[in-house]
Amino acid sequence: MIDDDDPLGPLDPDFAAQFVRDYRRPPCQLYLISPLDVTGDFPDRLKRALGTGPVAAFQFRVKDIDQHEAARLAEPLQRICADADVAFIVNDSVALAKRLGADGVHLGQSDGDPREARLALGPAVQIGVTCHASRHLAMEAGEAGADYVAFGAFYPTTTKTVEHHADPVLLSWWSTVFELPCVAIGGITPANAAPLVAAGADFLAVSGAVWGGDEAAVVASFEAVLRG
């Protein structure tokens, strides 16, 4: 369902049935999100995942460690992404993104204003904003200068606590009305991804499905879905 706190109200479920993706919009792409633990052999796992098929972006998402340790863990992963021509996005922290010279930062609703992030990071850095299942929040993010908006969760997930549930029709509406790219997130697997692609997602943000198994095989399975 769509969030009850979206002042725009519910969407007509028939909207999705009428949706046709604009041919001028690039095909849907994969957006990997790290597990919380990126120690041990994770750099090698990331190399394998990125070497399997085209991935547009990788989000570095760690919690409850100081910035110095986060930077130490991030730097080898950032090099791997650069070698693979994959955008390196930092979750939550504008300060860490600036320190690393990251390609982008992803902001939750409590992580700061995109305008302030833009002032701190400059015009070339990609800024994404979590918008849950709210068209209102997404439009606010776009007006504030975000480069993409993220909707979800679309499916049950164990990666993080889910408080907002989104319906694929939201992707269809957004892609019809706005050029700004939208990311679908939340419990996405190769088995359930196709409806989100068909609904108009520009990116599929995935984590548990990839790192919870054979990362190379799962990325290959996602690529097969994205190719249709």
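Student: Why do strand 7 and strand 8 count as a pair?

Tutor: Two strands pair if DSSP finds at least two bridges between them. Strand 7 and strand 8 (residues 203-206) are joined by 3 bridges, so they pair. They run parallel. Val183 of strand 7 stands opposite Phe203 in strand 8. This is a predicted model: local features need pLDDT of at least 70, side-chain atom pairs count only at pLDDT 80 or more, and totals for chains, interfaces and linings use all residues. Residues are numbered from 1 along each chain as its sequence is written, and side-chain values use heavy atoms, with hydrogens and water left out.

Student: What makes a stretch a strand or a helix?

Tutor: Both are DSSP runs, numbered from the N terminus: a helix is H or I with at least four residues, a strand is E with at least two. Helix 10, for one, covers residues 215-226.

Student: Which strand pairs with strand 7 (residues 182-185) over 4 bridges?

Tutor: Strand 6 (residues 148-152) does, in the parallel sense. Ala150 has Val183 as its bridge partner in strand 7. Val183 also stands opposite Phe203.

Student: What makes a crossover right-handed?

Tutor: Point the strands away from the viewer; the path from the first strand over the helix to the second must run clockwise. Strand 7, helix 8 (residues 194-199) and strand 8 make such a right-handed β-α-β unit.

Student: Why is Glu215 called buried?

Tutor: Buried means under 20% relative accessible area, exposed over 50%, partly exposed in between (1.4 Å probe, protein chains only). Glu215 has 4%, so it is buried. Glu215 lies in helix 10. Leaving aside neighbours within four places in sequence, Glu215 is in contact (heavy atoms within 4.5 Å) with Arg45, Arg48, Ala49 and Val210.

Student: And why is Asp92 called partly exposed?

Tutor: Asp92 has a relative accessible area of 24%, so it falls in the middle class. Asp92 sits in the loop between strand 3 (87-91) and helix 4 (94-100).

Student: What is notable about the phi of Asp92?

Tutor: Asp92 has a positive phi of about 75° although it is not a glycine. Most residues other than glycine have a negative phi. His132 has a positive phi too, about 55°, and is no glycine either. His132 is placed in the loop between strand 5 (126-130) and helix 6 (135-143).

Student: Where is there a cis peptide bond?

Tutor: A cis bond joins Gly152 and Ala153, with omega about 10°. Most peptide bonds are trans. Ala153 lies in the loop between strand 6 and helix 7 (169-177).
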